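Colleague: I should be grateful for a close look at a single surface residue, taken together with its surroundings. Please state the cut-offs of each term as you use it.

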Amino acid sequence: MKCNIDAQGARIRLVYGIMLLLTAAMLTGLAIWAGIWWLWLVVVAAAAGGIFALFEAKNRWCALRALGLKTPL
């Protein structure tokens, strides 16, 4: 993988990766408290998205740009 985003793009991916992980943590508490089984699917999706965003930020790499799509950041 070669770098395909600049520092601003990496910073934005870092911020929304952290936000997704915090959202997953809050939804975990809600899923436990309310006992809503399908909410665990949302928790897993948010956590996976957050981890992937942190991976992109660390490596300064964007999956969409690697596929040839132009992203604004």
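**Valine 42 and its surroundings**

Modeller: Valine 42 counts as partly exposed because its relative accessibility is 36%; buried means under 20% relative accessible area, exposed over 50%, and partly exposed in between, with a 1.4 Å probe and protein chains only. The model is predicted, so local features need pLDDT of at least 70 and side-chain atom pairs count only at pLDDT 80 or more, whereas totals for chains, interfaces and linings use all residues. Residues are numbered from 1 along each chain as its sequence is written, and side-chain values use heavy atoms, with hydrogens and water left out.

Valine 42 lies in helix H2, which spans residues 39-59; helices (H or I, at least four residues) and strands (E, at least two) are DSSP runs numbered from the N terminus. Together with Trp37, Trp38 and Leu41, Val42 forms a nonpolar surface patch with about 490 Å² of accessible area. Such areas come from the Shrake-Rupley method with a 1.4 Å probe, and for residues only the protein chains shown count as cover. Patches are made of residues with over 30% relative accessible area and no salt bridge; like charges are joined within 9 Å, and nonpolar side chains (Val, Leu, Ile, Met, Phe, Trp, Tyr) within 5 Å.

One member of the patch, tryptophan 37, belongs to the loop between helix H1 (7-34) and H2. Tryptophan 37 counts as exposed because its relative accessible area is 65%. From its C-alpha to that of glycine 68 the distance is 38 Å, with the two positions 31 residues apart in sequence.

Helix H2 also holds alanine 47. Apart from neighbours within four places in sequence, alanine 47 is in contact (heavy atoms within 4.5 Å) with Leu21 and Ala24. The C-alpha atoms of alanine 47 and alanine 25 are 8.2 Å apart, although 22 residues separate the two along the chain.

Further along H2 comes a charged pair. The count of salt bridges is one, where a salt bridge is a side-chain nitrogen of Lys or Arg within 4 Å of a carboxyl oxygen of Asp or Glu. It joins arginine 13 and glutamate 56, whose closest N and O atoms are 3.7 Å apart. This pair links distant parts of the chain, with arginine 13 in helix H1 and glutamate 56 in helix H2, 43 residues apart. Arginine 13 is buried because its relative accessibility is 6%, and glutamate 56 is likewise buried, at 5%.

After H2, arginine 60 sits in the loop that leads to helix H3 (63-66). Its phi is near 50 degrees, a positive value in a residue other than glycine, and its relative accessibility of 34% makes it partly exposed.

Arg13 has a further partner in the segment after H3, where threonine 71 is placed. Leaving aside neighbours within four places in sequence, threonine 71 is in contact with Arg13, Cys62, Leu64 and Arg65; threonine 71 is buried, at 18% relative accessibility.

Cysteine 62, one of those contacts, is buried because its relative accessible area is 3%. Its sulfur is 12 Å from the closest cysteine sulfur, that of cysteine 3, and therefore too far for a bond. A disulfide is a pair of cysteine sulfur atoms within 2.5 Å, and the count is zero. Cysteine 3, in contrast to cysteine 62, counts as exposed, at 53% relative accessibility.
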